[in-house]
Structure formats: structure tokens, C-alpha cells
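Trainee: I would like a close look at one part of this model, with its setting in the chain explained around it. Please take it slowly and keep to what can be read from the coordinates.

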Amino acid sequence: MNQFQILVNAVVFWEDKVLISQRSWEEEHMPGRWTIPGGKVDPVEEDVFDVLQKTAKREVMEETGVEIADEMTLIMNNSYVKDNGQHVVAIIFKCHYKSGEAKPLEDTIDCKWATLDEIKSIDFPPNVKEYILEGYKN
């Protein structure tokens with residue numbers, strides 16, 4: 001097992017709404033829960049510049065079919081230990097919609113653009129609501 005797993009999440013804004021997705025029931029971690037798009041940084045064989053931003057763009061597209069703009073702002077980062085002992089470093093970016101229609105694709109069973117009021121009423125996994133609310137501040 002790698003010492004650290006690097007996870008990149010995207011709080012994607014389109015006007016005043018945020019893109020959220022519902023995790024597949026087959027997901028190992030918190031199946032069926034609403035969250036924000038994101039995923040692991042893939043191992044690379046050579047230098048890759050902007051790997052965190054490229055990971056955010058790839059994961060949003062793979063999970064929801066939405067393309068995000070190149071410009072991203074770091075909202076926050078944190079670390080935690082999964083139940084299996086794996087240490088995770090999570091990096092969260094504020095992103096903006098560029099194109100595409102939001103639809104559930106890889107690892108998701110639903111996705112939608114949610115208002116701030118909707119966000120406040122959804123039971124997200126730990127820290128996710130904080131990430132989103134921080135995106136509204138920045």
C-alpha cells in the first residue's frame with residue numbers, strides 16, 4: 001500500500017449552483033451518498049505538470065460529462081485515514097463549468113446542479129459540505 005493516496009475533488013460552479021453527484025451503490029466508500037466529483041491522482045511514469053488540475057478535469061468529465069474551465073482555485077486541503085489504514089491527502093479546487101450536460105457516468109448513479117439551499121439540506125459524507133460552503137465564500 002502506498003504511504004499516501006492523493007485525492008482531488010472539484011466544487012464546480014455554474015452561476016449560483018454546484019455540481020453534485022450520487023455515488024454508485026457498488027462504490028466501496030460511502031455508496032449511494034451525494035458528494036462532489038473527484039478521484040485519485042493516477043501514478044505517472046514521467047513528469048506531468050499540473051497533475052492536480054488535470055486530475056480534477058478528468059474526474060469531473062468521467063463522472064458527470066461536464067467539462068470544467070482551466071482556471072481553478074485551491075479551496076482547501078486536508079488529510080485523513082481511511083478505515084483500512086490508508087492515509088489520504090485531499091485537495092479541493094473551486095472550478096467553473098465550461099460545457100457539457102451533467103449526467104451520471106462512471107461511479108455515479110445521479111448528478112445535478114444544486115442551489116445553496118439544497119446543499120444545506122443534503123447529508124454529505126464528512127467534510128464535503130464544508131468544501132462546498134467554502135467554495136461559495138471564495
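What does aspartate 42 count as, judged by its relative accessibility?

Mentor: A note on the basis comes before the answer. This is a predicted model, in which local features need pLDDT of at least 70 and side-chain atom pairs count only at pLDDT 80 or more, while totals for chains, interfaces and linings use all residues. Residues are numbered from 1 along each chain as its sequence is written, and side-chain values use heavy atoms, with hydrogens and water left out.

Aspartate 42 counts as partly exposed because its relative accessibility is 41%, where buried means under 20% relative accessible area, exposed over 50% and partly exposed in between, with a 1.4 Å probe and protein chains only. Aspartate 42 is found in the loop between strand 4 and helix 1; strands (E, at least two residues) and helices (H or I, at least four) are DSSP runs numbered from the N terminus. From its C-alpha to that of serine 121 the separation is 33 Å in space, and the two residues are 79 apart in sequence. The C-alpha trace of the chain spans about 40 × 30 × 30 Å along its principal axes, which gives a frame for that separation.

The loop that holds aspartate 42 also contains aspartate 50, for the latter lies between strand 4 and helix 1 too. Aspartate 50 is exposed, because its relative accessible area is 51%, and its phi is near 60°, a positive value in a residue other than glycine. Glutamate 15 shows a positive phi as well, of about 60°, although it is not a glycine. Its place is the loop between strand 1 and strand 2, where a relative accessible area of 71% is why glutamate 15 counts as exposed.

To place these loops in the whole, the chain has 3 helices and 8 strands, and from the N terminus on its elements run β-β-β-β-α-β-β-β-β-α-α. Of its 138 residues, 40% count as buried. Among contacts (heavy atoms within 4.5 Å) between residues at least 6 apart in sequence, 65% join residues at least 24 apart.

Two strand residues illustrate the buried class. Asparagine 9 lies in strand 1 and counts as buried because its relative accessibility is 10%; leaving out residues up to four places away in sequence, it touches Ile36, Pro37 and Gly38 as well as Ile91, Ile92 and Phe93. Threonine 35 belongs to strand 3, residues 34-35, and is buried because its relative accessible area is 9%. With the same sequence neighbours set aside, threonine 35 touches Ile20, Ser21 and Arg23, together with Phe124, Pro125 and Val128.

Arg23 appears again among the contacts of isoleucine 109, which, apart from its neighbours within four places in sequence, is in contact with Gln22, Arg23, Ser24, Trp25 and Pro104. Isoleucine 109 sits in strand 8, residues 108-114, and is partly exposed because its relative accessible area is 35%. Between isoleucine 109 and tryptophan 14 there are 21 Å from C-alpha to C-alpha, for a sequence separation of 95 residues. Glutamate 67, in strand 5 (residues 67-68), falls in the partly exposed class too, because its relative accessibility is 27%. Not counting residues up to four places away, glutamate 67 touches Met61 and also Tyr97, Lys98 and Ser99; its C-alpha is 8.8 Å from that of histidine 96, which is 29 residues away in sequence.

Arg23 also leads to the largest pocket. A pocket here is an open set of points on a 1 Å grid over the protein atoms alone where a 1.4 Å probe fits, with protein on both sides within 12 Å along at least five of seven lines, and lining residues have an atom within 4 Å of a point. The largest pocket is lined by 34 residues, and those nearest its centre are Leu7, Arg23, His29, Tyr80 and Lys82. The elements that give two or more residues to this lining include strand 4 (38-40) and helix 1 (51-64), and aspartate 42 is found in the loop between those two elements. Strand 1 (4-14), strand 2 (17-23), strand 6 (73-81), strand 7 (87-99) and helix 3 (128-137) likewise give two or more residues to it.
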